[in-house]
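Here is a small set of exercises to work through with the model open beside you. Try each task before reading its solution.

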Amino acid sequence: MDRRTFLGAMAGLVPAAAFTRTAAFAQSSPAASSGSRPLSIGAISAPNSLDPHFYQSPTNNQTLRQIFDPLVTEDATGALRPLLAESWRALDETTWEFKLRPGIRFHDGTPLTPDDIAFTIERVPNVPNSPGSFVPYVRNVAAVEVVDDRTFRIRSKTPNPFLDRDFTNLYILSRKIHAGAETADFTSGKLAVGTGAFRYAGFTVGQQIELEPNPAYWGRTPGWSRIRTRFIPDAGARVAGLLSGDLDLIDGVPVQDVAHLTADRTVDIFSVASATSAYLFPDTSRDQAPFVTDRAGRPLDRNPLKDVRVRQALSLAIDRKGIVERLLLGQGTPADQFAPPPAPDRLPNRAPIAVDVARAKRLLAEAGYPEGFGLTIHGPSGFFTGDVAVLQAIAQGFSRIGVETKVETLPIATFFSRATNREFALFLTTYATTNSAELLRQVVLTKNQDTGAGPFNRQRYSNPKLDAPLLAALGDFDAERRVARIRDALAALEEDVGVIPVFYPRFNWAGRKGYVRFVPGNAFGHTNAVFAEPV
Amino acid sequence: MTGSMAGWLVRRSAQAALVVLAMTVIVFVGLHVAGNPVDILVPPEADAAERARIAASFGLDQPLWRQYLLFVARALQGDLGRSFIYNQPALALVVERLPATLELSLAALVLAAGLGIGLGLYAGLRPRAAAARLIMAGSVVGLSLPGFWVGLMLVIGFSVRLGWLPSSGRGETVAVLGVGWSFLTADGLAHLILPAANLALFKLALILRLTRAGVREVVHLDYVRFARARGLAPSRVVGVHILRAILIPIVTVIGLEFCSTVAFSMVTESIFAWPGMGRLMVESIHVLDRPVIVAYLVAVVLLFVAVNLLADILYRLLDPRVGTAGAGRGA
């Protein structure tokens, strides 16, 4: 998930608690019948283009998922579901066969053919100036072979048991319609032609997108006459828009507002567990770490975070339940491990990590720090709801076991660059995925400049007991054995406390009662009309 | 006279060019220190190769001095670069948002100047009237209340509670000269009222107080008394003799306030989800979209210079004693 969306999606930093509507909803009387009603959505973040291959970000993906379809999709539990592909299977370790749903047509009537998938994969690396492309999903594709008018095979260069998952965000274009299409042709609406449930009806960059239902859609379309999504980054403005009747559905409801909106008889709240994991990342690799001192403030000649007992002690010092209940007002779940709940391959049966000050102090003493030490921890501000307060609560917990902790928070524009430059001893951040193997591969797999492994392993964590089962799992086609290996890797990380999991946030939406029902379709917090039903 | 005017214009332009140059250096160095856009943009699924590709496609893999020289070379040909985020020319992106901001600022300014000068004259001429005291008390409130709070209160009052006006966004637009303006439609006006009032409040109070102070100062001067003694109509005394004498500081303030409204209406634009330049700027800063930030600031510097120039010319019309040489120092 990109940071802008996250900033938005999780951040209702502006307390808009003062809004309560007393004037009746008289002027917004319910429309005659469902199917003839328009839907007005207020979304926190705006897509930067309508080209589905320009920018791989949740905001673009959630918006364009209304106009275009992927082959495969993921539901709120992280399970894969058929979409344009009716069925698929791996024939061998490098060959996958997909069968398209019959009778799919693009909005202009052009039928979908297997060659369009070949075209889509060819186009991805050729979208100029992409600020984040879909190339990582198709880099491993060697060839697409058309078998018949509905069947095709994807050959991969190396075995990839997650190949089907790679096609959940890649939206399919038509060679006939989109050959030679430039990003600007999509954004202008000219070639914003897909197979999706809605058709393009207008787009102003940074302002709004308008859609109308696709009468020829192969599946069921929600019965809205027209969709208008306005992009409103300010949380207070979105809540006010909902309460004043300008908007029917908003996303990113600030936690401070959830309680009084729940009590409001004109509003319904919808929510879903997100695939996001908020965690602390300690520097376990360097002999001396920045921002680690003795209690008097003098730099330490060795890095206490290298000792697993110190990391265990820090983990035991965090009051996760208190953070979720009091700071996030219940809009989250205390973490019991690194992988978030919607990941089907996470570790089963883990008990929440309880606070244990006595044991934490004992572990510190065993590690040679009976008096504790001094530490400054870092985190982003304005990245997710209550991020600064969460970090302060963590620091208080650390201080309670003798680790005198200071907090420094930074705007995201600065924070991530400094974290990447290894300027912090321990920092708070998040990662969102429903695939534990991806989580481990991107964040904690040993970083290797040559192979490009561990791109987000900012603290250069390295654990052979994690790498071995993970690397084996990444090429393992035996589903059961693969999950077992992923869990071995997760368990190795857990035992070593390579990261300190804190909590899993929730996504929420608010809608006009009796007008719209929102059924979150995935764990990434996508806001779109596909998931909104008229009531 | 025309010679000195031309020289003055040349001096002014040279100053403006220097300001723009200094500003671009500051932005380049400042953003470089702040962070790397690739860290903000890169999708979590990205691998190291993809990261390197992003940096290379924006030229961020080059040393900063080379990035800057490249920017200057292109800027001299009128190309301020493409937005990292939108893949559109940065200047076009800023100019595209300009009408929305301009419309909002002008509406706020008309509201502030019209009411401010009118009420200020009244309060200055009848300082002891109860209404005048009320106006002055109100102006203190207008000066001291923070803009974002007033904005939220306006939304709560007029949109959420009363339901009279829309809470956010820009209304329907009509294309005039190829640009969409919303103040020409009823829907557009309804959307314009609250944000314009929000922006106007502070300026109104400022102009009002300035006008009143000016009136209080000149109303007892001899020339006003002589004008009265000559039997001129009170409207002519106020409208010509008093107003003309006090207008110079007011024009200065209006000019500066107009600039700062166009340039820095981010708070109001955020609260009311007004799709103007301010919002674009805030979003660009969040993601370190350097070309857009630079293009925006270049536009703002040029705007300040142009409006100051206009104000100087207005001075000369209002008061012939103001010379161009003196005005030149006021840049």
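A salt bridge is a side-chain nitrogen of Lys or Arg within 4 Å of a carboxyl oxygen of Asp or Glu. This is a predicted model, in which local features need pLDDT of at least 70, side-chain atom pairs count only at pLDDT 80 or more, and totals for chains, interfaces and linings use all residues. Residues are numbered from 1 along each chain as its sequence is written, chains are lettered from A and ligands numbered from 1 in the order in which they are written, and side-chain values use heavy atoms, with hydrogens and water left out.

**Exercise 1. The interface of the two chains**

Task: describe the interface of chain A and chain B, beginning with its salt bridge.

Solution.

Step 1. The rule finds one salt bridge across this interface. Its partners are R139(A) and D47(B), whose closest N and O atoms are 2.8 Å apart.

Step 2. Next come the polar contacts (a pair of N or O atoms within 3.5 Å; within protein, one must be able to donate a hydrogen and the other to accept it, and residues adjacent in sequence count only if both atoms are side-chain atoms). Between chain A and chain B there are 15 residue pairs in polar contact, both at pLDDT 80 or more.

Step 3. Now find the elements involved; helices (H or I, at least four residues) and strands (E, at least two) are DSSP runs, numbered from the N terminus. Among those supplying at least two residues of the side of chain A that touches chain B are α4 (135–138), β10 (224–231) and α8 of chain A. The most comes from α14(A), with six residues.

Step 4. Sort that side by class: Ala, Val, Leu, Ile, Met, Phe, Trp, Tyr, Cys and Pro count as nonpolar, Asp, Glu, Lys and Arg as charged, and the others, Gly among them, as polar. The side of chain A that touches chain B then has 25 nonpolar, 19 polar and nine charged residues.

Step 5. Finish with the totals. Taking contact as heavy atoms within 4.5 Å, 53 residues of chain A meet 49 residues of chain B. Buried area is the accessible area (1.4 Å probe) that two parts lose on being put together, summed over both. For chain A and chain B it is about 4300 Å², with carbon and sulfur atoms giving 52%.

**Exercise 2. From α8(A) to D248(A)**

Task: is D248(A) buried or exposed, and what surrounds this residue?

Solution.

Step 1. Start at the helix before it. D234(A) caps the N-terminal end of α8(A), with a side-chain oxygen 3.3 Å from the backbone nitrogen of G236(A).

Step 2. Check the cover of the helix, where buried means under 20% relative accessible area, exposed over 50%, and partly exposed in between (1.4 Å probe, protein chains only). Nine of the nine residues of α8(A) are buried, including R238(A) and L242(A).

Step 3. Move past the helix. G245(A) follows α8(A) and has a positive phi, near 85°. D248(A) sits in the loop between α8 (235–243) and β11 (249–251) of chain A.

Step 4. D248(A) counts as buried because its relative accessibility is 5%. Leaving out residues up to four places away in sequence, its contacts include P38(A), L242(A), R512(A) and Y515(A). With R512(A), the side chain of D248(A) makes a polar contact of 2.9 Å.

**Exercise 3. Domains within each chain**

Task: which domains does each chain have, and how much area do they bury?

Solution.

Step 1. Domain bounds come from an automatic or database domain assignment. Chain A has domain 1 (3–266 + 513–534) and domain 2 (276–506), while chain B has domain 1 (2–76) and domain 2 (95–323).

Step 2. In chain A, the C-alpha centres of domain 1 and domain 2 lie 32 Å apart. These domains of chain A bury about 2200 Å² between them, 69% of it on carbon and sulfur atoms. The rule finds zero salt bridges across that interface, and two residue pairs are in polar contact.

Step 3. In chain B, domain 1 and domain 2 bury about 1500 Å², 82% of it on carbon and sulfur atoms. On the domain 1 side, R12(B), M23(B) and L31(B) lose the most area, together 30% of what that side buries. The count of salt bridges between these domains of chain B is zero, and one residue pair is in polar contact.
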